[in-house]
Amino acid sequence: LLNFDNVVAAMNLMMDDLGYGISKRKVTLSTSGVAPMIDRLGEVIDVSLALSLHAPNDELRNQLVPINKKYPLAVVLGACRNYISRLGEKRVLTIEYTLLKGVNDQTEHAEQMIALLADIPCKINLIPFNPFPHSGYERPSNNAIRRFQDILHKAGHNVTVRTTRGEDMDAAWGQLVGQVLDPTR
């Protein structure tokens, strides 16, 4: 959303019948939460929206998603709620949540997410962290991932766990940057 004009032009091209002709329901813009631009987006296009949440409270999200210091959860989720309500159809916000072992994967984090998202129509994609050297983070166990998913599911949320692909060759989501930053490779 910080490259707003070009992103909107690209999405319009994707959806144009003389371009790629992709349905607006199949085009999703993912954002870390630039709230004013989410509001502006709603004025010019009606694609699906995904929010990279990664933490259910401002204190933790400030650490994991630094833009949260400028646009805290209440502001970002308000903008997302407004965007989704403008669509009028039965569209939902997609929540992207990377699970980090011992950081944001605990029962209390799942319970905080339930409270945070109580009035927002959404689906939740849980993304197990793909470890890479010097990241400082680890992937939660499969049991911890399923426990987190089950808590959200029992509260009525549509929750999926993203399948990791490419991990065996360090090409999974989040791993490529580790190779670039690791001068020993």
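**Reading the labels on this model**

Me: Why is Arg 40 called partly exposed?
Reply: Arg 40 has a relative accessible area of 35%. Partly exposed covers values that are neither under 20% nor over 50%, so Arg 40 at 35% belongs there. The model is a predicted one.

Me: What makes Asp 5 and Arg 40 a salt bridge?
Reply: The closest N and O atoms of Asp 5 and Arg 40 are 3.2 Å apart. The cut-off is 4 Å, so the pair qualifies.

Me: Which parts does this pair tie together?
Reply: Asp 5 lies in helix H1 and Arg 40 in helix H2 (residues 35–44), so the salt bridge joins parts 35 residues apart in sequence.

Me: Is Asp 5 buried or exposed, and how do you know?
Reply: Asp 5 has 53% relative accessibility. Exposed begins over 50%, so Asp 5 counts as exposed.

Me: How do you know that Asp 46 and Lys 24 form a salt bridge?
Reply: Their closest N and O atoms are 2.9 Å apart, and a salt bridge needs 4 Å or under. Asp 46 sits in the loop between H2 and strand S2 (48–52), and Lys 24 in the loop between H1 and S1, 22 residues apart. Asp 46 is partly exposed at 26%, and Lys 24 is partly exposed at 30%.

Me: What makes Arg 81 and Asp 119 a salt bridge?
Reply: The N to O distance is 3.3 Å, which is within the 4 Å limit. Arg 81 is in helix H4 (residues 73–87) and Asp 119 is in the loop between H5 and strand S4 (122–128), 38 residues apart. The count of salt bridges comes to five.

Me: Why does Asn 104 count as buried?
Reply: Asn 104 has 0% relative accessibility. Buried means under 20%, so the label applies. Asn 104 lies in the loop between strand S3 (93–99) and helix H5 (107–116).

Me: What does the side chain of Asn 104 reach?
Reply: The side chain of Asn 104 reaches the backbone oxygen of His 54 at 2.8 Å. A polar contact allows 3.5 Å, so this distance fits. Among the residues that Asn 104 touches are His 54, Tyr 97 and Phe 148.

Me: How many aromatic pairs does the structure hold?
Reply: There are three aromatic pairs. In one of them, Tyr 97 and Phe 148 have 5.4 Å centre to centre and 25° between the planes. Centres must lie within 6.5 Å, and planes under 30 degrees apart count as stacked, so this pair is stacked. Tyr 97 is in strand S3 and Phe 148 in helix H6 (residues 142–154), 51 residues apart. Both residues are buried.

Me: Why is the pair of Phe 129 and Phe 132 tilted?
Reply: The ring centres of Phe 129 and Phe 132 are 5.9 Å apart and the planes meet at 45°. That angle is neither under 30 degrees nor over 60, so tilted is the class left. Phe 129 and Phe 132 are buried, and ring pairs link them with Tyr 137 into a cluster.

Me: Why is Ile 22 called partly exposed?
Reply: Ile 22 has a relative accessible area of 33%, which falls between the limits of 20% and 50%. Ile 22 lies in the loop between helix H1 (4–15) and strand S1 (28–31). A patch residue needs over 30%, so 33% meets that condition. Leu 13, Met 14, Tyr 20 and Ile 22 form a nonpolar surface patch with about 400 Å² of accessible area together.

Key: Residues numbered from 1 in each chain as written. Predicted model: local features only at pLDDT ≥ 70, side-chain atom pairs only at ≥ 80, totals over all residues. Heavy atoms only, no water. Helix = DSSP H or I, 4+ residues; strand = E, 2+ residues; numbered from the N terminus. Buried < 20%, exposed > 50% of the residue type's maximum accessible area, 1.4 Å probe, protein only. Polar contact = N/O pair within 3.5 Å; in protein donor to acceptor, adjacent residues only side chain to side chain. Contact = heavy atoms within 4.5 Å. Patch = residues over 30% accessible without salt bridge, like charges linked within 9 Å, V, L, I, M, F, W, Y side chains within 5 Å. Areas by Shrake-Rupley, 256 points an atom, 1.4 Å probe, with all protein chains shown as cover. Salt bridge = Lys/Arg side-chain N within 4 Å of Asp/Glu carboxyl O. Phe/Tyr/Trp six-rings, centres within 6.5 Å; stacked < 30°, edge-to-face > 60°. Lists of a residue's contacts leave out its neighbours within four places in sequence.
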